[in-house]
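Hi,

Here is the structure I promised to pass on. Have a look first, and my notes follow underneath.

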Amino acid sequence: KYFCSKPADIAKSENLKCGFIMRCPYMRHPLKKIIPLLPYLAIAGYFIYLQWGAGFADPDSFYHAGISKLMGQGQIALKQFQWFTFNNFNGRFVDHQFLYHLLLAPFTLFMSPLLATKAVAVILAVLFFVVFGWILKQTGVRNHLIYIFILLTTSPFIFRLNLAKAGSLALILLFLGTYALWHRKNTLLFFTTFLYVWTHAGWMSMGVVYFTWILARVLTKDIPLPSLSGKNILSMSTKCIRTLRANRTLWAIIGGMLFGIVFNPYFPNNLKFYWQQAIQIGLVNYQSVVRVGNEWYPFPIAKLFTGLIGIWVLCALALAAFVFLCLRTQQNELQPHTRALAIKLLHITILAGLWFTLTLKSARYVEYLAPSALIAGAFLMEMSLQLGVWTYLKKYMQPHRTMYRACACVLII
């Protein structure tokens, strides 16, 4: 009565019980704007709770806080790092997480560096979930909040995301770049690749994302391949070269990488550093020769399956639904939007397989594995729903619905 201009008219509405507040002219717009933000406000509160306290889960956070403090005092690009007394980076220091420290620096102007590091960790963690949910919505996945909840309950991933380091920012840029690749947004792809080089030493991952995307398109025949024979090998090679020259997506990634490397405060010293950090430490990994950080040691396979149990269950359910659909129906040709989703599904599945292999070697890659595997499961479930699996399931389970309800109650108990 007090909020509605015409309570008598609204009282006559058949949707009074469920839609009173949303139909109120004074309450309609504020609620519509606030309600979608509530899950992310809850996520922010969760990460504030995790960051509450005087310590850090990783000692590298003190280094990041110190670098950002020096930047806030005017030393934007440090070339000498005198604290590395017994290290070969003393005379030619390279800040490979330059963009992350640049974001931290303004916060150190009005709060302590340690508190600023915690605050930025919370902001970036929430921003990653915003980007994650936004990508799911943009690709047509329904009920994206369910998948966000599953990712929130994945403890190894949350531990990595909660670290006051550049990993969360690198994840945001990597998945934004993947989205730009899927939708051919070359300008966004160029800038995300460029910023990724300034954020993380693993910027070569963007190249891996591109070539696995090409592989997925070839396997799904989205890119037709000519038949191989002695006569047309030369013509096929010429055609491939012309295609690569005209491929703006490829040049957006290459250009972003080159600009990030060359237009860098630490060029050319960063070239040798990238070789040491990405190849010698990241891929070769001398863990059997010298003592390295815990994140570079293998992730125990048993803990990997128990820690990511929610994601594996989702993938198993999605796979079971898809297999059931394939056995019960005959799909001659997919709709264009379903076919596009299938190509993205194959791409993210290949990526998840690569991250899984790397996680078995170094535990730090679990921060890439968890969201990639979850997106793969979400895409497979969405594709099954688009093909009508729910209709066939209800039709199949209708004669035995009492038995299935009893089994569900037993499982819940």
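**What turned up**

Trp 182 is buried, with 6% of relative accessible area. Bear in mind, as you read on, that this is a predicted model.

Let me stay with that tryptophan for a moment. Trp 182 pairs with Phe 379, and the two rings are tilted, with 5.6 Å from centre to centre and 55 degrees between the planes. Trp 182 belongs to helix 10 (residues 167–182) while Phe 379 belongs to helix 19 (residues 366–386), so the pair ties together parts of the chain that are 197 residues apart in sequence. Phe 379 is buried as well, because its relative accessibility is 0% and anything under 20% counts as buried.

**The overall picture**

The protein chain has 21 helices and 0 strands. Of its 413 residues, 44% are buried. If you take the contacts between residues at least 6 apart in sequence, 75% of them join residues at least 24 apart.

**Rings**

There are 23 aromatic pairs in the structure. One of them is Tyr 46 with Phe 47, an edge-to-face pair at 5.6 Å centre to centre, with 65 degrees between the planes. The planes are over 60 degrees apart, which is why the pair counts as edge-to-face. Which of these two is buried, and which is partly exposed? Phe 47 is the buried one, at 0% relative accessible area, whereas Tyr 46 is partly exposed at 33%.

That pair also belongs to a wider group: ring pairs link Tyr 46 and Phe 47 with Phe 128, Phe 129, Phe 132, Phe 157 and Phe 175 into a cluster.

You may also like this one for your charge–ring collection. Lys 118 has its charged end over the ring of Phe 56, 4.7 Å from the ring centre.

**Two helix crossings**

Tyr 46 and Phe 47 come back here. Helix 4 (residues 38–51) and helix 9 (residues 155–162) cross at roughly 75 degrees, and their axes come within 11 Å. Since 65 to 115 degrees counts as roughly perpendicular, that is the label for helix 4 against helix 9. On the helix 4 side the contact uses Tyr 46, Phe 47, Leu 50 and Gln 51, and on the helix 9 side Ile 158, Leu 161 and Asn 162. By class, the contact of helix 4 with helix 9 has 5 nonpolar residues, 2 polar ones and no charged ones.

The other crossing is between helix 5 (residues 60–72) and helix 7 (residues 113–138), which pack at an angle of about 110 degrees with their axes 9 Å apart. Helix 5 and helix 7 are therefore roughly perpendicular to each other too. Ser 61, Phe 62, Ala 65 and Lys 69 come from helix 5, and they meet Pro 113, Leu 114 and Thr 117 from helix 7. The contact of helix 5 with helix 7 divides into 4 nonpolar, 2 polar and 1 charged residues.

**Some single residues**

His 64 is also found in helix 5. At 2% relative accessibility, His 64 is buried. What does His 64 contact, leaving aside its neighbours within four places in sequence? The partners are Gln 97, Tyr 100, His 101, Leu 104, Ala 164 and Lys 165.

Arg 217 has its place in helix 12 (residues 205–219). Is Arg 217 buried or exposed? With a relative accessibility of 16%, Arg 217 counts as buried. Not counting residues up to four places away in sequence, Arg 217 touches Arg 184, Asp 222, Ile 223 and Ile 343.

Gly 260 sits in helix 14 (residues 248–262) and is buried, at 0% relative accessible area. Residues up to four places away aside, Gly 260 touches Phe 194, Val 197 and Trp 198. From Gly 260 to Trp 203 the C-alpha atoms are separated by 9.6 Å, with the two positions 57 residues apart along the chain.

Trp 275 lies in helix 15 (residues 269–284). In contrast to the buried residues above, Trp 275 counts as exposed, at 51% relative accessibility. Trp 275 and Ala 201 are 74 residues apart in sequence, and their C-alpha atoms are 9.3 Å apart in space.

Cheers

Methods: Residues are numbered from 1 along each chain as its sequence is written. This is a predicted model: local features need pLDDT of at least 70, side-chain atom pairs count only at pLDDT 80 or more; totals for chains, interfaces and linings use all residues. Side-chain values use heavy atoms; hydrogens and water are left out. Rings of Phe, Tyr and Trp (its six-membered ring) pair if their centres lie within 6.5 Å; planes under 30 degrees apart count as stacked, over 60 as edge-to-face and the rest as tilted. Buried means under 20% relative accessible area, exposed over 50%, partly exposed in between (1.4 Å probe, protein chains only). Helices (H or I, at least four residues) and strands (E, at least two) are DSSP runs, numbered from the N terminus. A charge sits over a ring if NZ of Lys or CZ of Arg is within 6 Å of the ring centre and within 35 degrees of the ring normal. Axes are lines fitted to C-alpha atoms, for helices over the stretch in contact, and angles run from 0 to 180 degrees between N-to-C directions. Angles under 35 degrees count as roughly parallel, over 145 as roughly antiparallel, 65 to 115 as roughly perpendicular and the rest as oblique. Contact means heavy atoms within 4.5 Å. Ala, Val, Leu, Ile, Met, Phe, Trp, Tyr, Cys and Pro count as nonpolar, Asp, Glu, Lys and Arg as charged, and the others, Gly among them, as polar.
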